[in-house]
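User: I am new to reading protein models. Could you walk me through some features, one at a time?

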Amino acid sequence: MLARARGELRRVHPREAATVQEAGGLLVDIRYAALRDRDGTIPGALIVERNELEWRLDPTGDHRAPEATHHALPVVVICNEGYASSLAAVSLRQLGLHHATDLVGGFQAWRAAGLPIARTA
């Protein structure tokens with residue numbers, strides 16, 4: 001299932017994800033709270049735990065996040081190590097977010113690349 005999902009995506013590496021964000025795309029952190037508390041977060045990333053992802057990112061949904069503005073929005077899904085995010089990105093594509101993808105290596109790859117991290121209190 002994971003291999004099939006990844007075959008549908010053009011996955012991005014950390015610096016590419018940062019470029020997507022700088023260009024107005026959305027980074028979506030689906031890690032659970034304990035991991036965010038332990039490791040920090042990516043500044044500007046939208047926090048949406050995995051169990052809420054589809055109804056928060058569907059641009060046509062009544063309970064969408066304000067950032068989920070349209071189906072053409074570039075979205076990079078980020079989990080801890082880059083596994084759950086692949087499946088989640090495919091799910092978003094099924095909702096019509098055709099530019100959804102995920103971050104190779106997840107948050108841990110972002111951190112290893114030396115990109116900005118915000119620490120939680």
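User: Let's start with contacts. Which residues is Val28 in contact with, leaving aside its neighbours within four places in sequence?

Analyst: A contact list shows what a residue meets once the chain has folded back on itself. This model is predicted, so read each contact as part of a prediction. Val28 is in contact with Leu46, Val48, Leu53 and Leu57. It also meets Val75, Val76, Val77 and Ile78.

User: How do I read a nonpolar core? Which residues touch the most other members of the largest one?

Analyst: Look for the members with many partners. The largest nonpolar core has 21 residues, and Val28, Leu53, Leu57, Val75 and Leu92 touch the most other members. Then ask which elements contribute. β1 (26-29), α4 (53-57), β3 (75-78) and α5 (84-94) each supply at least two residues. The largest share, 4 residues, comes from α5. Another core lies apart from this one. It has 12 residues, including Val12, Ala45, Ile78 and Trp110.

User: Let's follow Ile78. Where does it lie, and is it buried or exposed?

Analyst: Ile78 lies in strand β3. Its relative accessible area is 0%, under the 20% cut-off, so Ile78 is buried. Now check its surroundings. Leaving aside neighbours within four places in sequence, Ile78 is in contact with Leu27, Val28, Asp29, Ile30 and Arg31, among others. The list also includes Ile42, Ser85, Leu103, Gly106 and Phe107.

User: And distance along the chain against distance in space? How far apart are the C-alpha atoms of Ile78 and His63?

Analyst: Keep the two numbers separate. Ile78 and His63 are 15 residues apart along the chain, and their C-alpha atoms are separated by 21 Å. Try another pair. Ala88 and Ala17 are 71 residues apart along the chain, with 16 Å between their C-alpha atoms.

User: You mentioned α5. Which of its residues are buried?

Analyst: Go along the helix and list them. They are Ser85, Ser86, Ala88, Ala89, Val90, Ser91 and Leu92. Next, ask what covers them. The cover includes α1 (2-7), α4, β3 and β4 (100-102). Take Ala88 as one example from helix α5. Its relative accessibility is 0%, so Ala88 counts as buried. Beyond its neighbours within four places in sequence, Ala88 is in contact with Ile30, Arg50, Leu53 and Val77. Look past the helix too. Gly96 follows α5 and has a positive phi, near 105°.

User: Let's try another helix. Which residues of α2 are buried, and why do they line one face?

Analyst: Helix α2 spans residues 14-22, and its buried residues are Pro14, Ala17 and Ala18. Seen down the axis of α2, these buried residues fall within an arc of 100°, so they line one face of the helix. They pack against β1, β3 and α6 (106-112). After α2 comes Gly24, whose phi is positive, near 105°.

User: What about a charged residue? Is Arg31 buried or exposed?

Analyst: Check the number, not the residue type. Arg31 has a relative accessible area of 2%, so it is buried. Its place is in the loop between β1 and α3 (33-39). Now trace the side chain. It reaches the backbone oxygen of Gly40 at 2.7 Å. Arg31 also lies over the face of Phe107, at 3.9 Å from the ring centre. Apart from residues up to four places away in sequence, Arg31 touches Arg36, Asp39, Glu49, Cys79 and Asn80, among others.

User: Are there rings paired with rings? How many aromatic pairs does the structure hold?

Analyst: The count is 0 aromatic pairs.

User: Let's look at β4. Is Thr101 buried or exposed?

Analyst: Thr101 is in strand β4. Its relative accessible area is 7%, so Thr101 is buried. Look for a polar partner. A polar atom of the Thr101 side chain lies 2.9 Å from the backbone oxygen of Arg10. Not counting residues up to four places away in sequence, Thr101 touches Leu9, Arg10, Arg11 and Val12, among others. Val75, Val76, Val77 and Ala89 are also on that list.

User: One last residue. Is Asp62 buried or exposed?

Analyst: Its relative accessible area is 77%, over the 50% cut-off, so Asp62 is exposed. Asp62 is in the loop between α4 and β3. The C-alpha atoms of Asp62 and Ala5 are separated by 27 Å, with their positions 57 residues apart along the chain.

Methods: Residues numbered from 1 in each chain as written. Predicted model: local features only at pLDDT ≥ 70, side-chain atom pairs only at ≥ 80, totals over all residues. Heavy atoms only, no water. Core = buried A, V, L, I, M, F, W, Y, C linked by side-chain atoms within 4.5 Å. Buried < 20%, exposed > 50% of the residue type's maximum accessible area, 1.4 Å probe, protein only. Contact = heavy atoms within 4.5 Å. Phe/Tyr/Trp six-rings, centres within 6.5 Å; stacked < 30°, edge-to-face > 60°. Lys NZ or Arg CZ within 6 Å of the ring centre and 35° of its normal. Polar contact = N/O pair within 3.5 Å; in protein donor to acceptor, adjacent residues only side chain to side chain. Arc of directions from axis to C-beta.
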